[in-house]
Amino acid sequence: MPHLVLLGTGGTIASRRMPSGGSKATDSAAELAAAAGDLDGDITVEVHDVLAVNSFNLELRDLRTISDAVAHVLSRDDVDGVVVSHGTDTLEETAALLDLVHDDPRPVVLTGAQRSADAPDTDGPRNLRDALVVAASPDSRRRGALVVFAGEVFSAFGLRKAHTLAAQPFANVFGGPIGRVLDRPEYAFRPDARAPLARPGAAFDAVRVDLVLAYPGADSALLDAAVRAGAQGVIVLGGGAGNPGTRLTEGIARASRAGVVVGLGTRTGAGAVVPLYAGGGAVDAVHAGAVPLGAVPATQARILLALILAEAQDAADDGAAETARSRFARVCTHADARSAPSAAL
């Protein structure tokens with residue numbers, strides 16, 4: 001008899017319209033579980049509320065709170081899987097953290113909703129029911145953290161919210177869904193295993209990693225301001241395959257010399273960063289010290305970099321920036337291994 005734990009954190013799946021207008025997270029994990037209905041197969045579900053916020057208000061300390069709650073649940077031998085209900089706006093960041101530190105064969109599954117709990121066509125109960133079915137299945141073990149939404153199963157790392165309002169808002173840049181949910185999950189392939197990173201400590205809460213966008217006429221003012229504000233890392237989203245332009249590249253060089261770890265992504269939302277162009281392109285940015293993200297979404301690369309920077313800080317490493325830069329580059333270089341097909345089912 002599978003025993004699952006549902007951790008509620010808020011989000012649209014738990015939201016209802018307020019008298020003043022707009023929706024806000026109000027429903028408890030117990031209310032979400034009740035709306036999902038009874039499950040077949042003698043599955044039991046235990047519920048706990050971790051947070052009750054819409055995910056656009058989350059901070060790094062909140063992501064750590066969720067990670068700690070998952071780890072606490074998985075310290076118990078009587079639990080077969082964990083489901084986290086979450087807002088879709090920043091689900092990709094929490095999913096990345098949970099996947100990067102996942103060191104247990106049991107599934108951790110995230111889900112949410114595009115329509116509030118009081119909407120006539122709410123998708124929350126169905127998504128939650130599917131997530132619970134996935135978490136209860138032995139076939140879901142050893143697949144890392146998963147995201148279940150609109151009948152599809154995704155690997156957590158590489159995930160991004162690719163549409164604001166669509167019933168299926170998510171995509172994975174490393175190849176789409178790895179399975180689907182009917183009466184039970186059916187998987188197309190098993191992602192490769194990846195060595196987990198250490199779970200974040202308190203230093204993670206205060207790590208500052210900013211995002212800076214390239215655009216016609218962009219200079220380094222925003223990047224320089226981030227460094228002055230105390231950023232230990234910055235992700236620059238260049239045009240095309242990662243081309244920031246000459247003036248922003250000059251800022252990358254200054255930031256790198258100052259010990260700031262700079263990641264180089266793309267503003268396109270999909271595709272790999274590839275150093276193809278000089279004259280302010282990705283070739284020059286890499287020479288200036290930027291680390292290409294490959295195809296890792298910038299939002300998830302930010303969480304990865306914050307996790308690595310916090311660990312280096314906790315270790316009191318004299319060469320923390322260079323150590324973090326090296327580890328960051330290594331994970332980005334091999335990131336697609338977790339989501340690439342390695343074996344059928």
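**Reasoning about helices and strands**

Me: Which residues of α3 meet α9, and what makes that a contact?
Reply: In this predicted model, E92, E93, A96, L97 and L100 in α3 meet T299, Q300, I303, L304 and L307 in α9. A contact requires heavy atoms within 4.5 Å, so these residues qualify. The residues of this contact divide into six nonpolar, two polar and two charged.

Me: Why is A96 put with the nonpolar residues and E92 with the charged ones?
Reply: Ala is on the nonpolar list and Glu is on the charged list, so A96 and E92 are sorted that way.

Me: Why is α3 called oblique to α9?
Reply: Helix α3 (residues 91-100) and helix α9 (residues 298-314) pack at about 45 degrees, with their axes 8 Å apart. Angles under 35 degrees count as roughly parallel and those from 65 to 115 as roughly perpendicular. The angle of about 45 degrees fits neither of these ranges, nor the one over 145, and therefore α3 is oblique to α9.

Me: Is the crossing of α3 and α9 left-handed or right-handed?
Reply: α3 passes α9 in a right-handed crossing.

Me: How do you know whether α9 runs roughly parallel or roughly antiparallel to β15?
Reply: α9 lies across β14, β15 (233-238) and β16, and runs at about 160 degrees to β15. Angles over 145 count as roughly antiparallel, so α9 and β15 are roughly antiparallel.

Me: What makes β14 and β17 edge strands?
Reply: The open sheet has four strands in the order β14-β15-β16-β17, with parallel pairing. β14 (209-213) and β17 (291-292) each pair on one side only.

Me: How do you know that β16 and β17 pair?
Reply: Pairing needs at least two bridges. Strand β16 (residues 261-266) and β17 have two bridges in the parallel sense, so they pair. In β17, V291 is the bridge partner of G263.

Me: What about β7 and β8?
Reply: Strand β7 (residues 145-149) and strand β8 (residues 152-155) run antiparallel and are joined by four bridges, so they meet the requirement of at least two. F149 has E152 as its bridge partner in β8. Their hairpin has two residues between the strands, and A150 takes a positive phi near 50 degrees.

Me: Why does S67 count as buried?
Reply: S67 lies in helix α2 (residues 60-74). Buried means under 20% relative accessible area, and S67 is at 2%, so S67 is buried. Leaving aside neighbours within four places in sequence, S67 is in contact with L97, L98, V101, R199 and P200.

Definitions and conventions:
Residues numbered from 1 in each chain as written. Predicted model: local features only at pLDDT ≥ 70, side-chain atom pairs only at ≥ 80, totals over all residues. Heavy atoms only, no water. Axes fitted to C-alpha atoms, helices over the stretch in contact; angles between N-to-C directions. Left-handed = near helix turned anticlockwise from the far one by under 90°. Buried < 20%, exposed > 50% of the residue type's maximum accessible area, 1.4 Å probe, protein only.
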